[in-house]
Amino acid sequence: MSKTLTILGGVAVAGVLAVGGWFASQHSEASLITAAQAQEATADKTVQTLPDVSLGQENAPVTIIEYSSFTCPHCADWHTEEYPTLKKDYIDTGKVKFIQREVYFDMFGIWAGLIAQCGGDPKYYAISDMLFNKQRDWIGDGKQQTISDNLHKIGLQAGLTNDQVTTCMNDEKRAEQLVATFQKNASADKIDATPTFIINGTKYSNMVWSDMKKIIDDDLAKAAQ
């Protein structure tokens with residue numbers, strides 16, 4: 001079963017902005033940006049959206065866009081069980097261009113997104129893999145301090161410096177851009193659950209690898225005609 005969200009007018013009313021705020025400092029009680037402030041930041045002013053980060057050959061015959069949340073267990077299951085085969089057999093061989101688009105149900109997903117993007121495009125998918133593969137570990141007991149500490153550790157394990165991680169997790173402007181990008185993309189593609197896949201323009205809900213493989217192979221055959 002996939003994790004679901006409600007999108008109204010481009011805003012995830014049941015998710016990202018409905019909860020608390022964003023992490024202000026790694027080990028301090030500094031005030032957090034509130035949900036109301038976040039809503040204002042993304043709704044009442046123009047916020048720059050971010051470009052996709054793609055993996056694989058730019059001109060691959062099949063493009064897969066995955067909408068996923070770093071806090072969605074079903075997304076983590078797909079990434080640990082199905083994604084390695086997709087990457088090995090299709091992305092790395094130039095048959096598929098893969099794009100991951102983040103969905104935010106809660107502030108912890110935003111924190112994870114800030115860590116994933118902290119090393120720039122070259123490190124994005126490597127850090128994303130760590131976040132999905134270690135999801136249960138970094139979420140831990142679900143407390144804010146535990147999660148922020150664990151995400152900080154993942155950043156360090158990915159080769160980022162302590163200062164880099166702290167700066168990224170304090171980057172309110174970047175957080176606003178993540179939210180605005182999520183709202184724009186998820187609204188345009190009518191995303192209501194994660195994981196959701198768009199394969200060569202057609203939307204699919206979560207599926208087992210054998211079903212996805214058939215869709216990819218069919219699209220590859222069409223492209224070869």
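**Exercises: two helices and a sheet**

Helices α3 and α10 (residues 209–224) pack with their axes 11 Å apart, at an angle of about 20°. The model is predicted, so local features need pLDDT of at least 70 and side-chain atom pairs count only at pLDDT 80 or more, while totals for chains, interfaces and linings use all residues. Residues are numbered from 1 along each chain as its sequence is written, and side-chain values use heavy atoms, without hydrogens or water.

**Exercise 1.** Work out how α3 and α10 are oriented to each other, and which residues meet.

*Solution.* Start with the angle, taken from 0 to 180 degrees between N-to-C directions of axes fitted to C-alpha atoms over the stretch in contact. Angles under 35 degrees count as roughly parallel, so α3 and α10 are roughly parallel to each other. Next, look at the contact (heavy atoms within 4.5 Å): Thr85, Leu86 and Tyr90 of α3 meet Trp209, Lys213, Ile216, Asp217 and Leu220 of α10. Sorted by class, that's 5 nonpolar, 1 polar and 2 charged residues. Here Ala, Val, Leu, Ile, Met, Phe, Trp, Tyr, Cys and Pro are nonpolar, Asp, Glu, Lys and Arg charged, and the others, Gly among them, polar.

**Exercise 2.** Find the strand order of the open sheet, then place α3 on the sheet.

*Solution.* Strands are DSSP runs of E, at least two residues, and helices runs of H or I, at least four, numbered from the N terminus. Strands pair if DSSP finds at least two bridges between them. The order of the 5 strands is β4-β6-β5-β8-β9, with mixed pairing. At the edges sit β4 (54–55) and β9 (202–205), each paired on one side only. Helix α3 (residues 83–91) packs on this sheet and touches β4, β5 (62–68) and β6 (96–102).

How values were computed:
Parallel < 35°, antiparallel > 145°, perpendicular 65-115°, else oblique.
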